[in-house]
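Let's look at a structure together and ask how its labels are earned. Ready to set values against definitions?

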Amino acid sequence: ATAVRQPPAPHAAMFSSLHSHSGQFCKHGCGSLEEMVRSACAKGFTHYGLSEHMPRFSEKHLYPEEIDCNMSVDGLQQQFTAYVAEARRLQVAYAGQIHLLVGMETERCDSAAYVEEIARVREQHKLDYVVGSVHHVRGIPIDFSAEMWEQALQAVGGSVDALFEEYFVDVRHMIEHVRPTVVAHLDLIRLFQPQHQLSTSVLAVAHAAIDAGVAQGCIFEVNSSAVRKGLPTPYPLPDLLPYLVAKNAKLGCSDDAHQPDRVGLHYDALAAHLRAHGVRSLYYLERAPGQTHGAVERTCEF
């Protein structure tokens, strides 16, 4: 087999992604998992993380698109099992072309039980790594639609600052209890209010979440999908990224692609965002050598 290409420094931002999905295993995606891998190979990626959403275990947390497809909690479990099997097959089949990592993106809906569920799923499927995310506040999705974001806003009393604060408290809780390998889209809550200036109180809880991730040794992704969704820069936005840099947080790149033609999309903006804030090194993951599962961190100059 052909040896896997090594990171092509100085274009470090272009060779890896820690976070992706496919239409095969995610109802709001397009394309098969193998098509995602082929796209990553064609675009010169040497390291690519597969991280489909973990199966939720309550019917009330099904998304409208899943209800429309008559999905059930059992169906989500079966879908995730099929995903891991296919991802492991691809990991072997494309081993000569690309380092593939098999992981999952977590959910934290409205119950501490999700912490136990995440640990159970991670152990059951012997995953390489975990992408830690918060997509809900008080059980309401905050990135699915503007209407649901508004519902979450009203649930906290109608204050944007209160919503942001509660979200970042949940992120800190997720980091401290899940201990993810990667922290995803740190300020996702801003998707429908990117222009809202972070108050002193919001910055305090956001910084506390960052401090927790730094203490845990998490990698914080810089996520280019924000640009595709109309935000001015990748996540984290410019008022949070400097704090991460000042704290020497580990930073890595993600496209959060949900279909093959979005692999690596807006990585030019991602690279510019990193350079504008003086980022000089990036982290990425490789499969743990000699192990059946697990990942090891690598770093390179940017």
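Here are some questions and answers about two helices and a cavity.

This is a predicted model, in which local features need pLDDT of at least 70, side-chain atom pairs count only at pLDDT 80 or more, and totals for chains, interfaces and linings use all residues. Residues are numbered from 1 along each chain as its sequence is written, and side-chain values use heavy atoms, leaving out hydrogens and water.

Q: Why is α5 called roughly perpendicular to α6?
A: The axes of α5 (residues 146-155) and α6 (residues 160-178) cross at roughly 95 degrees and come within 8 Å. Angles of 65 to 115 degrees count as roughly perpendicular, so α5 earns that label against α6.

Q: Which residues make the contact between α5 and α6?
A: Contact means heavy atoms within 4.5 Å. W149, A152 and L153 of α5 meet V160, L163 and F164 of α6.

Q: What makes up the contact of α5 with α6, by class?
A: Ala, Val, Leu, Ile, Met, Phe, Trp, Tyr, Cys and Pro count as nonpolar, Asp, Glu, Lys and Arg as charged, and the others, Gly among them, as polar. The contact has 6 nonpolar, no polar and no charged residues.

Q: How many cavities of 30 Å³ or more does a search of the whole structure find?
A: The search finds 1. A cavity is a set of points on a 1 Å grid where a 1.4 Å probe fits but cannot get out, and lining residues have an atom within 4 Å of a point. The largest cavity holds about 50 Å³ of space.

Q: Which strand gives the largest share of the lining of the largest cavity?
A: That is β2, with 3 residues.

How values were computed. Axes are lines fitted to C-alpha atoms, for helices over the stretch in contact, and angles run from 0 to 180 degrees between N-to-C directions. Helices (H or I, at least four residues) and strands (E, at least two) are DSSP runs, numbered from the N terminus. Angles under 35 degrees count as roughly parallel, over 145 as roughly antiparallel, 65 to 115 as roughly perpendicular and the rest as oblique. On a 1 Å grid over the protein atoms alone, a cavity is a set of points where a 1.4 Å probe fits but cannot get out, and a pocket is an open set with protein on both sides within 12 Å along at least five of seven lines; lining residues have an atom within 4 Å of a point. Grid points are joined across faces, edges and corners, and a volume is the space filled by probe spheres set on the points.
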